[in-house]
Amino acid sequence: METNRQKKIAGLIQQDLVDILQGQIRKNGVSNLVISVSAVKVTSDLTIAKVYLSVFPTEKKEEILTAIKSNSPLIKHDLAQRVKNQLRKVPSLLFYNDDSMEYMESIDKALKGVDNPIDNPDLLEKRKKS
């Protein structure tokens, strides 16, 4: 269970990371790309922050995620400059792909009947023959 301090730090990190990432996109002149920080989870000892990112369009998500992971020291430095008055030590940032939107989209398709497992039982993982 998260403490209030963990929630406050996660919220602070989430807001500032959105500003940093969107600012870099605008500064580099990249169009047709949206990066959303969907969640931040901070460990109980406040040393690690797991950052979940949603990237649109989804075709570029792996490429963007690897670029962000390779630039994570610079992102952490920018974050430290922003939160230096609120936090004594900035947690290490671990970036993950948040695929919850894709999961919700697949459920929505199943409910609408596009990929209905009742009509086509082969869509279910358990029924696939190996």
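Accessible areas here come from the Shrake-Rupley method with a 1.4 Å probe. With that in hand, here are the views, all drawn from a predicted model.

**Figure 1. The whole chain and its exposed surface.** Let's start with the overall picture. The chain exposes about 9300 Å², and carbon and sulfur atoms supply 51% of that area. Of its 130 residues, 26% count as buried. The C-alpha atoms fill a box of roughly 60 × 40 × 30 Å along the principal axes. The radius of gyration is 18 Å, whereas a compact globule of 130 residues would have one near 14 Å.

**Figure 2. Four helices and three strands make up the fold.** Reading from the N terminus, you will meet the elements in the order α-β-β-α-α-β-α. Among contacts with a separation of 6 or more, 56% are between residues 24 or more positions apart.

**Figure 3. A salt bridge joins Asp-19 and Arg-82.** Zoom in on the two side chains and you will find them meeting at 3.7 Å, N to O. Asp-19 belongs to helix 1 (residues 4-28) and Arg-82 to helix 3 (residues 72-83), so this pair ties together parts that are 63 residues apart in sequence. A search of the whole structure finds one salt bridge. Both partners can be checked for exposure: Asp-19 is partly exposed, with a relative accessible area of 41%, and Arg-82 is also partly exposed, at 42%.

**Figure 4. Tyr-52 and Tyr-96 form a stacked aromatic pair.** Searching the whole structure turns up one aromatic pair. The ring centres of Tyr-52 and Tyr-96 lie 5.5 Å apart with the planes at 25 degrees, so the pair counts as stacked; the cut-off for stacking is planes under 30 degrees apart. Tyr-52 sits in strand 2 (residues 48-56) and Tyr-96 in strand 3 (residues 92-97), so the rings tie together parts that are 44 residues apart in sequence. Tyr-52 is partly exposed, with a relative accessible area of 25%, and Tyr-96 is partly exposed at 34%.

**Figure 5. Val-34, Phe-56, Met-101 and Met-104 form a nonpolar patch on the surface.** Together, these four side chains have about 350 Å² of accessible area. Take a moment to look at Met-101, which is found in helix 4 (residues 100-112). Its relative accessible area is 41%, so Met-101 is partly exposed. Residues need over 30% relative accessible area to be part of a patch, and Met-101 has 41%.

Key:
Residues are numbered from 1 along each chain as its sequence is written. This is a predicted model: local features need pLDDT of at least 70, side-chain atom pairs count only at pLDDT 80 or more; totals for chains, interfaces and linings use all residues. Side-chain values use heavy atoms; hydrogens and water are left out. Patches are made of residues with over 30% relative accessible area and no salt bridge: like charges are joined within 9 Å, nonpolar side chains (Val, Leu, Ile, Met, Phe, Trp, Tyr) within 5 Å. Helices (H or I, at least four residues) and strands (E, at least two) are DSSP runs, numbered from the N terminus. Buried means under 20% relative accessible area, exposed over 50%, partly exposed in between (1.4 Å probe, protein chains only). The radius of gyration is taken over C-alpha atoms; the globule rule is 2.2 Å times the number of residues to the power 0.38. Contact means heavy atoms within 4.5 Å. Rings of Phe, Tyr and Trp (its six-membered ring) pair if their centres lie within 6.5 Å; planes under 30 degrees apart count as stacked, over 60 as edge-to-face and the rest as tilted.
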